[in-house]
Amino acid sequence: MLWTVSVVFFALFAATFVAWCVKFLWVTRDGIYGPRPLPILGNFLDIIFRLNDVHVLAMEHTLQHGFVYRGWLMFQSVVSVSHPDVIRQVLSKEIKTFDRNSMELSAFVNLLGGGLLLAKNGDEWSHLRSLSTPAFHQKSLKNMIGMFLDRVKIIEEKLNEVVESGKSRVDMEKQFQRFTFDVIGIISLGFDFQTQQQEGDTESAYETAWDSILEHYMIRFYGPIPHDAY
């Protein structure tokens with residue numbers, strides 16, 4: 001019995017390995033390569049151990065492989081684009097070709113609840129965008145300019161502190177994340193989370209809670225196990 005199970009397991013593994021190799025060879029005919037993937041798993045392990053600084057990992061890959069490179073999430077080929085000209089092409093002229101995929105939708109729908117952020121490009125997105133147009137009216141935005149400027153000044157102060165301390169590098173992702181976090185809180189909830197006032201890498205309770213939720217959903221997005229299992 002054990003021997004039979006072992007043979008079946010090996011046969012399934014061999015078939016999966018061959019299928020992955022065939023897809024890898026077929027897809028990479030376009031000449032787009034990136035970080036070397038492991039058979040079947042792809043670059044999953046690289047990402048899962050760098051969830052807290054996945055943006056830094058992406059930057060490292062860009063420096064090594066160029067503005068356009070390919071990664072693998074098991075059988076899923078993912079092409080990363082970071083050159084402004086290519087991004088403009090994707091977002092303006094090829095918007096329907098490069099639409100949100102089912103993997104993205106299924107991973108984040110419980111967190112975001114659908115709506116404009118997860119709507120597929122086309123009539124549905126246009127309808128939802130038209131409903132939110134009044135919020136982006138010039139008069140509405142004009143009333144927020146003062147608040148935006150105050151928040152930008154906080155970033156300026158933080159950067160000045162970095163310069164005065166003699167540090168040569170600063171994590172701008174953290175600065176803009178806190179800026180966005182506080183602005184969204186003020187606009188949508190009428191509450192200031194005050195994450196921009198945090199010193200250095202010290203996180204507020206709100207940031208810690210958000211990071212915990214985000215990490216969970218990133219594991220759901222990148223992980224090979226069906227996310228309904230956890």
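Select His 61 to begin: with a relative accessibility of 14%, this residue counts as buried. In this predicted model, His 61 belongs to helix 3. Set aside residues up to four places away in sequence, and the side of the chain that His 61 touches consists of Pro 35, Gly 66 and Tyr 69.

**Along helix 3 to a salt bridge**

Now pick Glu 60. Which residue does the side chain of Glu 60 meet in a salt bridge? Colour Arg 50 and you have the partner, at 3.4 Å from N to O. Glu 60 sits in helix 3 while Arg 50 is in the loop between helix 2 (44-48) and helix 3, so the pair ties together parts ten residues apart in sequence. Are these two buried, partly exposed or exposed? Glu 60 counts as partly exposed because its relative accessibility is 36%, and Arg 50 is also partly exposed, at 22%. This is one of seven salt bridges in the structure, and two others come up below.

**A histidine in a loop**

Next, select His 83, in the loop between strand 2 (76-81) and helix 4 (84-93). His 83 has a relative accessibility of 25%, so it counts as partly exposed. Show the backbone of Asp 85 as well: the side chain of His 83 reaches the backbone nitrogen of Asp 85 at 3.1 Å. If you would like a distance to try in the viewer, take the C-alpha atoms of His 83 and Leu 112, which are 29 residues apart along the chain and separated by 28 Å.

**Val 162 in helix 8**

Move on to helix 8 (residues 145-165) and select Val 162. Is Val 162 buried or exposed? Its relative accessibility is 17%, so it counts as buried. Leaving out neighbours within four places in sequence, you will find Val 162 in contact with Lys 167, Arg 169 and Val 170. For another C-alpha to C-alpha distance, try Val 162 and His 65: they are 97 residues apart in sequence and 30 Å apart in space.

**A network of salt bridges**

Stay in helix 8 and select Arg 151 together with Asp 192. Their side chains meet in a salt bridge at 2.5 Å, N to O. Why does this pair tie together parts that are 41 residues apart in sequence? Because Arg 151 lies in helix 8, whereas Asp 192 lies in the loop between helix 9 and helix 10. Arg 151 counts as buried, with 9% relative accessibility, whereas Asp 192 is partly exposed, with a relative accessible area of 25%.

Add Asp 182 to the selection, and you have the network of salt bridges that links Arg 151, Asp 182 and Asp 192. Asp 182 is placed in helix 9 and counts as buried, at 0% relative accessibility. What is Asp 182 in contact with, leaving aside neighbours within four places in sequence? Its contacts are Arg 151, Phe 191, Asp 192, Phe 193, Gln 194, Thr 195, Gln 196 and Gln 197.

**Between helix 9 and helix 10**

Now select Glu 207 and Arg 178, whose side chains meet in a salt bridge at 2.9 Å, N to O. This pair links distant parts of the chain, with Glu 207 in helix 10 and Arg 178 in helix 9, 29 residues apart. Both Glu 207 and Arg 178 are buried.

Keep those two on screen and look for the cavity. How many cavities of 30 Å³ or more are there? The count comes to one, with about 40 Å³ of space. To outline this cavity, select Gln 177, Arg 178, Phe 181, Glu 207, Trp 210 and Asp 211. Helix 9 and helix 10 are the elements giving two or more residues to this lining. By class, the cavity lining has two nonpolar, one polar and three charged residues.

**Last stop: a pocket**

Finish at the second largest pocket, which holds about 420 Å³ of space. Of its 14 lining residues, Leu 51, Asn 52, Glu 173, Gln 177 and Asp 211 lie nearest the centre, so keep them as your final selection. Helix 3 (54-65), helix 9 (172-189) and helix 10 (205-222) each supply at least two residues of the lining. Which helix gives the most to the lining of this pocket? Helix 10 does, with four residues. Sorted by class, the pocket lining has four nonpolar, three polar and seven charged residues.

Definitions and conventions
Residues are numbered from 1 along each chain as its sequence is written. This is a predicted model: local features need pLDDT of at least 70, side-chain atom pairs count only at pLDDT 80 or more; totals for chains, interfaces and linings use all residues. Side-chain values use heavy atoms; hydrogens and water are left out. On a 1 Å grid over the protein atoms alone, a cavity is a set of points where a 1.4 Å probe fits but cannot get out, and a pocket is an open set with protein on both sides within 12 Å along at least five of seven lines; lining residues have an atom within 4 Å of a point. Grid points are joined across faces, edges and corners, and a volume is the space filled by probe spheres set on the points. Ala, Val, Leu, Ile, Met, Phe, Trp, Tyr, Cys and Pro count as nonpolar, Asp, Glu, Lys and Arg as charged, and the others, Gly among them, as polar. Buried means under 20% relative accessible area, exposed over 50%, partly exposed in between (1.4 Å probe, protein chains only). Contact means heavy atoms within 4.5 Å. A polar contact is a pair of N or O atoms within 3.5 Å; within protein, one must be able to donate a hydrogen and the other to accept it, and residues adjacent in sequence count only if both atoms are side-chain atoms. A salt bridge is a side-chain nitrogen of Lys or Arg within 4 Å of a carboxyl oxygen of Asp or Glu.
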